[in-house]
Protein chains: 2
Amino acid sequence: MAEVARLAGVSVTTVSHVINGTRPASQRTRERVLDAIERTGYRPNTLARALARGGTQSLGLAISGLSNPYFTDVVAAIEGAAGRAGHMLLLGDTREDPEHELRIVRALAERQVDGMLLAPTVGAVEHALPYLESQNVPTVLLDRFVDAPLDQVGCENEGPTAQLVEHLASLGHTRIAMAVGIPGLSTTVERVKGYRDALEQAGLPFDPALIAEGGSQRDRAHDAMLALLDLPDPPTAVVSGNNFMTIGLLRAIAERGLTVPDDIALVAFDDFEWADLFAPRLTVIRQPTAELGSRAVELMLSRLEDPGAAPRRERLEATFVHRNSCGCS
Amino acid sequence: MAEVARLAGVSVTTVSHVINGTRPASQRTRERVLDAIERTGYRPNTLARALARGGTQSLGLAISGLSNPYFTDVVAAIEGAAGRAGHMLLLGDTREDPEHELRIVRALAERQVDGMLLAPTVGAVEHALPYLESQNVPTVLLDRFVDAPLDQVGCENEGPTAQLVEHLASLGHTRIAMAVGIPGLSTTVERVKGYRDALEQAGLPFDPALIAEGGSQRDRAHDAMLALLDLPDPPTAVVSGNNFMTIGLLRAIAERGLTVPDDIALVAFDDFEWADLFAPRLTVIRQPTAELGSRAVELMLSRLEDPGAAPRRERLEATFVHRNSCGCS
DNA sequence: CTGTTAGCGCTTTCAG
DNA sequence: CTGAAAGCGCTAACAG
């Protein structure tokens with residue numbers, strides 16, 4: 001930058017100001033500076049700027065399962081929205097592990113991100129969140145809710161899950177199993193609640209044996225499904241708590257030589273972009289992934305603008321996508 | 001940090017050294033410093049450190065289609081490998097647009113990333129790459145190859161595509177169509193070459209009418225497939241050039257009320273994690289996505305270690321996954 | 001309209 | 001074993 005100033009015959013101050021347009025400069029000066037910049041191939045050092053200004057124009061994003069198609073869409077949306085607002089994204093995978101999450105969050109915070117977008121693990125309340133709070137890092141939580149005064153955005157879980165179960169019940173199923181995700185996560189808790197409420201509504205008993213602990217993982221759901229099928233009185237329908245588990249369930253069912261929906265009906269939380277190409281076409285709840293991402297960024301932007309505002313919690317609608325793995329048409 | 005020094009009754013120099021272990025300090029001093037850090041809730045400012053040291057311990061990652069399941073796995077692998085080496089990831093989506101790619105790459109470079117991992121767009125040679133070169137940013141290219149003396153890693157395309165075509169030919173198909181990706185990308189060029197070579201090997205004529213320009217996009221591939229089916233003499237088999245196009249092709253085929261593989265066989269480049277759940281189960285070429293990501297990081301690390309070394313180009317093997325969309329068993 | 005100068009928070013000679 | 005002080009590249013009062 002000094003080089004540029006020398007070449008243009010002005011002070012670094014002026015260079016800085018013409019670059020940032022932070023104060024008027026004569027036409028001629030501006031041209032000379034711009035020209036010098038061109039000739040030197042000068043590249044502004046954002047770090048130095050951030051240090052001087054206090055503010056990096058970057059956001060930290062910490063989520064789990066970077067390869068989860070659900071989060072993937074969210075990431076894409078966040079990248080877009082953040083970019084439009086002039087923010088870069090610093091990425092970290094929490095691996096759904098509170099300790100690792102803290103490491104990631106700390107690394108991002110030390111890099112002075114202006115704000116943190118986080119899909120909190122169970123355990124965030126003890127680790128990552130207190131840290132962020134103590135360091136005064138503006139935070140918005142996404143996907144999962146937590147009992148803390150923070151900006152949060154996620155989807156409706158209870159109602160939609162109930163809708164899935166009701167649908168199966170209306171089709172005459174009485175033994176409806178559910179593959180549940182990571183214990184303690186608000187998404188899991190809410191979906192289970194939706195499941196139980198719907199059973200009750202339908203006058204069906206809740207049978208703990210029909211709960212398959214899938215830990216939100218493909219393989220665990222697979223094994224749990226096998227176990228369900230081995231029951232003396234196996235379920236005639238199953239609802240999957242998330243996309244990864246859906247894969248596991250389907251594989252297990254196929255392995256046993258059974259067919260969906262003839263031998264067992266299956267409905268799921270989370271849509272796939274190509275869920276209509278599966279055999280059979282999957283009846284699912286679709287979350288507005290892109291909207292989730294962009295809302296999270298919007299919440300962050302308002303938070304940065306007005307740090308004192310009351311925290312907001314937002315629930316996004318999820319939609320029932322009726323195809324035929326439920327046994328219809 | 002000054003605060004910490006004061007509290008510990010030492011100089012900032014000492015604080016810095018005990019934090020980094022860059023020089024011995026008495027047991028007692030160290031303890032006092034560590035204690036002071038604890039008490040103040042001090043968080044090191046990585047920016048300031050980077051400014052002073054010149055080196056941010058972060059890598060830029062610029063790719064297109066953050067939601068492409070193929071790249072998604074690559075990103076996950078890169079995040080893991082980079083993290084293990086103590087590097088954070090700065091993320092940007094090129095949107096497969098050279099102009100935007102340059103913007104992204106520039107933004108990342110200005111943030112002083114130590115190196116750039118890039119899946120170059122067609123056009124990178126005119127925009128992003130010259131910029132990176134002029135700024136001396138260590139760069140490694142991934143997925144697509146480019147004619148430039150840079151570290152590059154990607155997969156085998158020609159052979160595997162030929163294998164796909166041979167397989168169809170061996171099944172008796174003579175009208176084999178191909179959905180091709182973005183023109184000019186090395187992946188596209190090589191896959192088309194594999195296709196043509198295999199046709200020739202099989203003694204089949206190359207019919208330009210059987211080339212569907214899919215632009216690596218789902219919808220364009222869909223439309224192109226429809227057009228193929230409307231041909232007076234439509235293909236009896238089609239090979240898809242990448243995962244997004246596969247979706248489009250399958251949808252188009254389904255729309256026409258046709259079935260794979262009975263009415264038309266389909267094989268594809270790129271596996272899906274659940275390609276075995278599709279109807280029918282997809283015969284594909286699977287790229288070693290995780291390996292691609294980790295190799296890219298490894299290349300980067302060696303490059304950073306030895307900036308003068310000769311650039312390396314690496315080709316990773318892709319594997320033929322035989323299922324039954326080809327019409328077998 | 002432009003320049004001087006004091007930091008931003010940290011590292012690292014160079015001296016003790 | 002420890003400190004003083006000079007930067008890293010940039011911004012923003014404060015002066016003119």
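**A tour from strand β2(B) to DNA strand D**

Select β2(B) and look at its two sides: M88(B), L90(B) and G92(B) lie on one face, L89(B), L91(B) and D93(B) on the other, and all are buried, so both faces are covered. The model you have open is a predicted one. Taken as a whole, the strand, residues 88–93 of chain B, is mostly covered, with six of its six residues buried.

Next, add β1(B), residues 58–63. This strand runs parallel to β2(B), and six bridges join the two. To find one pairing, pick A62(B), whose bridge partner in β2(B) is G92(B).

Now show helix α5 of chain B, residues 69–84. Together with β1(B) and β2(B), this helix makes a β-α-β unit, and the unit is right-handed.

Then cross to chain A and select its strand β2, residues 88–93. Three bridges join this strand to β2(B), and the two run antiparallel. Pick L89(A) here; L91(B) is its bridge partner in β2(B).

Finally, select DNA strand D and the protein residues around it. There are 26 of these residues, and M1(A), S16(A), N45(A), A48(A) and A52(A) come nearest. Colour the surface near DNA strand D by class: 13 residues are nonpolar, 10 are polar and three are charged.

Which helices should be highlighted as each supplying at least two residues of this surface? In chain A, select α2 (12–20) and α4 (46–53). In chain B, select α2 (12–20) and α4 (46–53) as well.

Conventions. Residues numbered from 1 in each chain as written. Chains lettered and ligands numbered in written order. Predicted model: local features only at pLDDT ≥ 70, side-chain atom pairs only at ≥ 80, totals over all residues. Near = placed C-beta within 6 Å. Helix = DSSP H or I, 4+ residues; strand = E, 2+ residues; numbered from the N terminus. Nonpolar A, V, L, I, M, F, W, Y, C, P; charged D, E, K, R; others polar. Buried ≥ 20, exposed ≤ 12 C-beta atoms within 10 Å, placed from the backbone. Pairing = 2+ DSSP bridges. Right-handed = clockwise from strand over helix to strand, strands pointing away.
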